[in-house]
Amino acid sequence: MSTDTATAVDFWFDPSCPWAWMTSRWVDEVANSRNLDVTWHIMSLAVLNEDKDVSDDYKAFFPRALRYTRLVAAAQEEFGQAIVKPLYDALGMQIHLGESTEPDVVIPQALAEVGLPPEFAEHSLTDSYDAQMRASHFDGIERVGQDVGTPVIAVNGVAFFGPVLSPAPKGEDAVRLWDGIVAAAAYPGFFELKRSRTVGPIFD
């Protein structure tokens with residue numbers, strides 16, 4: 001790993017989002033070769049879409065997604081920043097790789113994996129830390145605008161939505177993509193680069 005000064009990276013995620021999950025795996029891969037100081041932050045697709053006209057099927061997904069975001073927000077408030085990424089990893093492995101859609105199964109297993117007590121699951125059912133969760137969400141989303149989603153990444157203070165990747169690149173491909181995206185995002189007049197997705201989430 002490089003001994004250069006660490007690059008400050010902030011990453012906002014909703015644990016339920018498969019695209020954020022793959023982007024987070026890409027950032028992990030880049031961190032194997034580049035000196036990144038990554039801070040992980042919660043955001044919420046439920047909050048993002050609470051005032052939007054979305055399909056009934058998508059609305060039905062929000063209560064489940066909200067439980068995960070509330071759990072992560074509570075864990076950060078009670079145990080500190082260091083718990084956020086391990087808990088995200090534990091949740092994501094079940095939600096995305098394990099294809100589990102039942103929070104009452106996912107949450108106890110994730111808590112056990114990171115060493116938190118089973119009763120901590122109660123936080124996923126309350127709004128005790130919603131103020132902090134919303135503050136984190138809007139801290140990220142206000143850097144890039146309301147017409148985006150998760151993930152949001154900021155590199156040395158320069159923020160952007162995405163990238164949306166499938167599958168997450170590895171090795172030199174991961175680093176080359178990182179360098180290109182960070183360079184593009186750093187240009188003040190650069191706003192958008194997009195093409196239609198031709199594949200769904202490809203996990204590995």
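Entry 1: the fold. I take helices and strands as DSSP runs, with at least four residues for a helix and at least two for a strand, numbered from the N terminus. With that settled, I read the order of elements in this predicted model. Starting at the N terminus, the protein chain goes β-α-β-α-α-α-α-α-β-β-α. My tally for the chain is 7 helices and 4 strands.

Entry 2: overall dimensions. I looked up the radius of gyration next and found 17 Å for the protein chain, which agrees with the value near 17 Å that a compact globule of 204 residues would have. Along the principal axes, the C-alpha atoms fill a box of roughly 45 × 40 × 30 Å. I also checked how contacts spread along the sequence: of those with a separation of 6 or more, 75% are between residues 24 or more positions apart.

Entry 3: surface and burial. The accessible surface of the protein chain is about 10,500 Å², and carbon and sulfur atoms account for 51% of that. Of the 204 residues, 46% are buried.

Entry 4: the core. In soluble globular proteins, nonpolar side chains tend to be buried together. I went looking for the largest nonpolar core here and found 61 residues in it, with Phe13, Trp26, Leu87 and Leu91 touching the most other members. Helix H3 gives the most to this core, namely 10 residues. I then picked Leu87 and set aside its neighbours within four places in sequence; what remains in contact with Leu87 is Leu71, Val72, Ala75, Ala110, Leu111 and Val114.

Entry 5: salt bridges. Side chains of opposite charge can pair when their charged atoms come close. My search of the whole structure turned up 10 salt bridges. I wrote up three of them.

Asp179 and Arg34 came up with an N to O distance of 2.6 Å between their side chains. This pair links distant parts of the chain, 145 residues apart: Asp179 sits in helix H7 (residues 171-186), while Arg34 is in the loop between helix H1 (18-31) and strand E2 (36-42). Are these two buried or exposed? Neither, quite: Asp179 is partly exposed at a relative accessible area of 32%, and Arg34 is partly exposed at 30%.

Asp130 and Arg70 form another salt bridge, with 2.7 Å from N to O. Asp130 belongs to helix H6 (residues 130-141) and Arg70 to helix H3 (residues 56-79), so this pair ties together parts that are 60 residues apart in sequence. The cut-off for buried is under 20% relative accessible area. Asp130, at 13%, therefore counts as buried, and Arg70 is buried too, at 16%.

Asp89 and Lys85 make a salt bridge in which the closest N and O atoms are 3.0 Å apart. I noted that they are 4 residues apart in helix H4 (residues 84-97), which means about one helical turn separates them. Both Asp89 and Lys85 are buried. I followed the links outward from there and found a network of salt bridges made of Arg25, Asp28, Lys85 and Asp89.

Entry 6: the hairpin. To finish, I turned to strands E3 (residues 152-155) and E4 (residues 158-161), which run antiparallel and are joined by 4 bridges. Val155 has Val158 in E4 as its bridge partner. E3 and E4 form a hairpin with 2 residues between them, and Asn156 in the turn has a positive phi of about 50°.

Methods: Residues are numbered from 1 along each chain as its sequence is written. This is a predicted model: local features need pLDDT of at least 70, side-chain atom pairs count only at pLDDT 80 or more; totals for chains, interfaces and linings use all residues. Side-chain values use heavy atoms; hydrogens and water are left out. A salt bridge is a side-chain nitrogen of Lys or Arg within 4 Å of a carboxyl oxygen of Asp or Glu. Buried means under 20% relative accessible area, exposed over 50%, partly exposed in between (1.4 Å probe, protein chains only). A nonpolar core is a set of buried Ala, Val, Leu, Ile, Met, Phe, Trp, Tyr and Cys residues joined through side-chain atoms within 4.5 Å. Contact means heavy atoms within 4.5 Å. The radius of gyration is taken over C-alpha atoms; the globule rule is 2.2 Å times the number of residues to the power 0.38. Accessible areas come from the Shrake-Rupley method with a 1.4 Å probe; for residues, only the protein chains shown count as cover. Two strands pair if DSSP finds at least two bridges between them.
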